[in-house]
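Let's take a walk through a protein model together. Keep the sequence and the 3D view open while you read.

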Amino acid sequence: MRSDETDIEEQRIPQHIPGPPQLPPLIKGQKLKSGPYTVTVTDEMVAQRERENLELYKAWVREQRRRNMLPQEEADEFIGDFKDVIVRRGFVRKVFCLLTLQLMFTILVISIFMFVDEAQKFMMVHWYLWIVAMVFFIVAYCAIACSVHARQTPPFNYICLFLLTLAMSYLAAFVSVFYSIEVILIVMGMTAAVTTIIALVATFSRFDLTMRPGLLMVIGLVSIVAIFTLLIILLFTHVIVLRLIISIIGTLLLCMYLYFDVQTIMGGRRIELSPDEVVFATTQIYVDIVLLYQYLLMFMGFFHR
């Protein structure tokens, strides 16, 4: 009986279809000749070759499906965890629901310290608490980014997410109290507009930034070094225009990261997040938006001194 089922299954796929093109697999530690040099294969090179073969397979499946030469079950196989539209939509819905709650909480915290005099005086008297908030943020962010158990296992993932949100909200409020309410409202509107535009462009644009993670990493490192260098110079000088330069560099960098993170969440790109990474995805977008708010605040503060 099992043999008959196998024969029927083999008959469903036309036998004249050539297999998908594949590059030779790489093995860690393997020696490859590259011109006059010898290259040792690393884990990253192995993973890159697997991604390249996956892309070749996807392209082959799309071509066979276009020609109606492949059964639909086989054509949909490459989509993996996101093969069900409901799974994809559910993942995106969870991410943006959590993100909305985080942003509402952050706005609430900023409002309390902006409109309640006692809270503002408390922040000024106990100014060192921003250091404590920074430590909590770093610990929570590293736990979510580096530990699969911490970001996927309830309730630890939600505890880490809450601590990160609490710390980030306090830091945003600490920065905000140095500006007027008019500037705060303008910057919040700017942040919402920029975030919405980037999310729409990243979702519908054909430009796939996830195919260039190396470029993004280089730009990020150069920008961070430039920002820290300018901050050190600013400590010993009174060149106010340096704040404007820092805010512009930071804003552009955060826009790139937000574009990249939205594409990994929406899926269908070279790099995409698993549906199990709801907390990680929410953290990435939330941090991008709050940091973008802070850099835009610095930018607008330069013109409203």
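## A cysteine on the outside

Let's start with C146: its relative accessibility is 67%, so this residue counts as exposed. Keep in mind that you are looking at a predicted model. How many disulfides does a search of the whole structure find? The search turns up zero. C146, then, is in no disulfide, and the nearest cysteine sulfur, which belongs to C142, is 5.4 Å away. A disulfide would need the two sulfur atoms within 2.5 Å. Now try C160: is this cysteine buried or exposed? At 14% relative accessibility, C160 counts as buried.

## The overall layout

Zoom out for a moment. The protein chain has twelve helices and two strands. If you read along the sequence, the pattern is α-β-β-α-α-α-α-α-α-α-α-α-α-α. The chain has 305 residues, and 37% of them count as buried.

There is also a record to look at. The unreviewed UniProt entry carries the annotation "transmembrane region" for residues 95–115, 127–146, 158–177, 183–202, 214–234, 240–260 and 280–303. You can check some of these stretches against the model. Residues 95–115 are 100% helix and 0% strand, with end C-alpha atoms 30 Å apart. Residues 183–202 are also 100% helix and 0% strand, and there the end C-alpha atoms are 28 Å apart.

## A helix you can check with arithmetic

Helix α12 covers residues 278–303, which makes 26 residues. What span should this helix have at 1.5 Å a residue? The expected value is 38 Å, and the end C-alpha atoms are 38 Å apart, so the two agree. Helix α12 is also mostly covered, as 22 of its 26 residues are buried.

## A nonpolar patch

Now look at the surface around helix α6, which spans residues 129–146. W127, Y128, W130, I131, M134, V135, I138 and V139 form a nonpolar patch there on the surface. Together these residues have about 740 Å² of accessible area. Take V139, which sits in helix α6. With a relative accessible area of 54%, V139 is exposed, because the cut-off for that label is over 50%.

## Charged partners

Side chains of opposite charge can pair when their charged atoms come close. How many salt bridges does the count come to? The count comes to three salt bridges, and here they are:

| Pair | Closest N to O distance |
|---|---|
| D43 and K28 | 3.3 Å |
| R49 and E52 | 3.2 Å |
| E277 and R151 | 2.7 Å |

Start with D43 and K28, which form a salt bridge. D43 is in helix α2 (residues 43–66), while K28 is in the loop between α1 (2–12) and β1 (31–34), so this pair ties together parts that are 15 residues apart in sequence. D43 is partly exposed, with a relative accessible area of 47%, whereas K28 is exposed at 56%.

R49 and E52 are a more local story: both lie in helix α2, three residues apart, which is about one turn of the helix. Is R49 buried or exposed? R49 is buried, with a relative accessible area of 18%. Its partner E52 is partly exposed, with 25%.

The last pair in the table is E277 with R151, whose closest N and O atoms are 2.7 Å apart. This pair links distant parts of the chain, with E277 in the loop between α11 (241–266) and α12, and R151 in helix α7, 126 residues apart. Both E277 and R151 are buried.

## Where a loop meets a helix

Go back to E52 for a moment and look for L23. L23 is in the loop between α1 and β1, and counts as partly exposed at 35% relative accessibility. L23 and E52 are 29 residues apart along the chain, yet their C-alpha atoms are separated by 7.8 Å.

## An unusual bond

Here is one last thing to find. Most peptide bonds are trans. Which peptide bond here is cis, with omega near -5°? That is the bond from P154 to P155. P155 lies in the loop between α7 (148–152) and α8 (156–176).

How values were computed: Residues numbered from 1 in each chain as written. Predicted model: local features only at pLDDT ≥ 70, side-chain atom pairs only at ≥ 80, totals over all residues. Heavy atoms only, no water. Helix = DSSP H or I, 4+ residues; strand = E, 2+ residues; numbered from the N terminus. Expected span 1.5 Å × (residues − 1). Buried < 20%, exposed > 50% of the residue type's maximum accessible area, 1.4 Å probe, protein only. Patch = residues over 30% accessible without salt bridge, like charges linked within 9 Å, V, L, I, M, F, W, Y side chains within 5 Å. Areas by Shrake-Rupley, 256 points an atom, 1.4 Å probe, with all protein chains shown as cover. Salt bridge = Lys/Arg side-chain N within 4 Å of Asp/Glu carboxyl O. UniProt positions renumbered as here; feature names shortened; annotations may be inferred.
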